[in-house]
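Could you walk me through this protein model, step by step, in plain language? I would like to follow the strands first, then a pair of unusual loop residues, and then the pocket.

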Amino acid sequence: MPVELVALHAAGVIDEASLWELSRVRGEAMADKGNDRGTMAAVSGPLGTISTLIESNNLEVVLANRNHPNQGVISGSAQAIEKAINLFEKEGLSAQRLSVSAAFHSPLVADATESLTKALAETTLEVAHTPVYANATGTVYPTDTAELSALLASQITSPVHFVEIAKALYEQGVRVFVECGPKRVLQGLLRKTLGDDVQLISLNPEQDRVDADRQ
């Protein structure tokens, strides 16, 4: 289930039935294998350097995930990703292809937005009672429900601004972050983004060894 939909449900934007339905629609759309969906690769290096190398070399990839200041994930066709990996390694950056089913958060999965947009048009959206930050912008979702709907649909093809969201929350005074998912990957990203002046709690850190419900 997409975490952003869960956050919007918790904030009162969508009810539980809509949460399940939108998750189903989005999941089925992303699982469609009718087109070449491309792939992704993790790149270790300053985000600014990664972006500059992409632009200056006209690489046909996008910086799809801004995970922390020195690590990002790129999306593109298999051929474009292979070319990008070779270039990054020549420039002294480590890059590793990921085992994924598509080039998420890139134009290569644009066809998946159609069904989600249609489903959102049929969904009653309420104004959030708690601010929710959008991955696509790194800022709070708009209060206008039409704008919110359009932004949520665009999330499929838009880069994830995790670094920007973390810093924005910190600037708002947030010092405690709770990771509601398996393992502690996000905890590591937050630590590398915000340093030691935060408390990080992972609810299910030992996924492979301890029962998740007990954790």
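Strand β3 is largely enclosed by the rest of the structure, because 6 of its 6 residues are buried. Keep in mind as you look that this is a predicted model. A residue is called buried here when its relative accessible area is under 20%. In a regular strand, side chains alternate between the two faces of the sheet. You can follow this in β3: Gln71, Val73 and Ser75 point one way, while Gly72, Ile74 and Gly76 point the other way, and all of them are buried.

Now look at what lies beside β3. On one side you can trace its pairing with β2, which is antiparallel and runs over 6 bridges. Within this pairing, valine 62 stands opposite serine 75. The link between the two strands is a hairpin, and 2 residues carry the chain from β2 to β3.

β3 also pairs with β1, again in the antiparallel sense and over 6 bridges. Two facing positions help you find your way: serine 44 stands opposite glutamine 71 of β3, and alanine 42 stands opposite valine 73 of β3. β1 covers residues 39-44 and is mostly covered itself, with 5 of its 6 residues buried.

From β1 you can step on to β4, made of residues 94-97; these two strands run antiparallel and are joined by 4 bridges. Alanine 42 is a handy signpost here, since its bridge partner in β4 is glutamine 96. Put your finger on alanine 42 and you can go to valine 73 in β3 or to glutamine 96 in β4.

Next, let us turn to the backbone in the loops. Most residues other than glycine have a negative phi. Asparagine 58 has a positive value instead, with phi near 50°. You will find asparagine 58 in the loop between α3 and β2. Is asparagine 58 buried or exposed? With a relative accessible area of 62%, asparagine 58 is exposed, because the cut-off for that word is over 50%.

Histidine 105 also has a positive phi, near 60°, and it sits in the loop between β4 and α5. Its surroundings are another matter: the relative accessibility of histidine 105 is 12%, so this residue counts as buried.

Let us now visit the largest pocket, which holds about 1800 Å³ of space. Its lining is made up of 47 residues, and those nearest its centre are Val3, Glu4, Asn135, Phe162 and Leu186. Which element gives the most to this lining? That is β5, with 7 residues. Several other elements supply at least two residues each, among them the helices α1, α2, α7 and α8 and the strands β2 and β6. So β2, which you met as a partner of β3, also helps to line the pocket. Sorted by class, the lining has 34 nonpolar, 10 polar and 3 charged residues.

One last stop concerns aromatic rings. The charged end of arginine 175 sits over the ring of tyrosine 170, 3.5 Å from the centre of that ring. As for rings paired with one another, the count is 0 aromatic pairs, where a pair needs ring centres within 6.5 Å.

How values were computed: Residues are numbered from 1 along each chain as its sequence is written. This is a predicted model: local features need pLDDT of at least 70, side-chain atom pairs count only at pLDDT 80 or more; totals for chains, interfaces and linings use all residues. Side-chain values use heavy atoms; hydrogens and water are left out. Rings of Phe, Tyr and Trp (its six-membered ring) pair if their centres lie within 6.5 Å; planes under 30 degrees apart count as stacked, over 60 as edge-to-face and the rest as tilted. A charge sits over a ring if NZ of Lys or CZ of Arg is within 6 Å of the ring centre and within 35 degrees of the ring normal. On a 1 Å grid over the protein atoms alone, a cavity is a set of points where a 1.4 Å probe fits but cannot get out, and a pocket is an open set with protein on both sides within 12 Å along at least five of seven lines; lining residues have an atom within 4 Å of a point. Grid points are joined across faces, edges and corners, and a volume is the space filled by probe spheres set on the points. Ala, Val, Leu, Ile, Met, Phe, Trp, Tyr, Cys and Pro count as nonpolar, Asp, Glu, Lys and Arg as charged, and the others, Gly among them, as polar. Buried means under 20% relative accessible area, exposed over 50%, partly exposed in between (1.4 Å probe, protein chains only). Two strands pair if DSSP finds at least two bridges between them.
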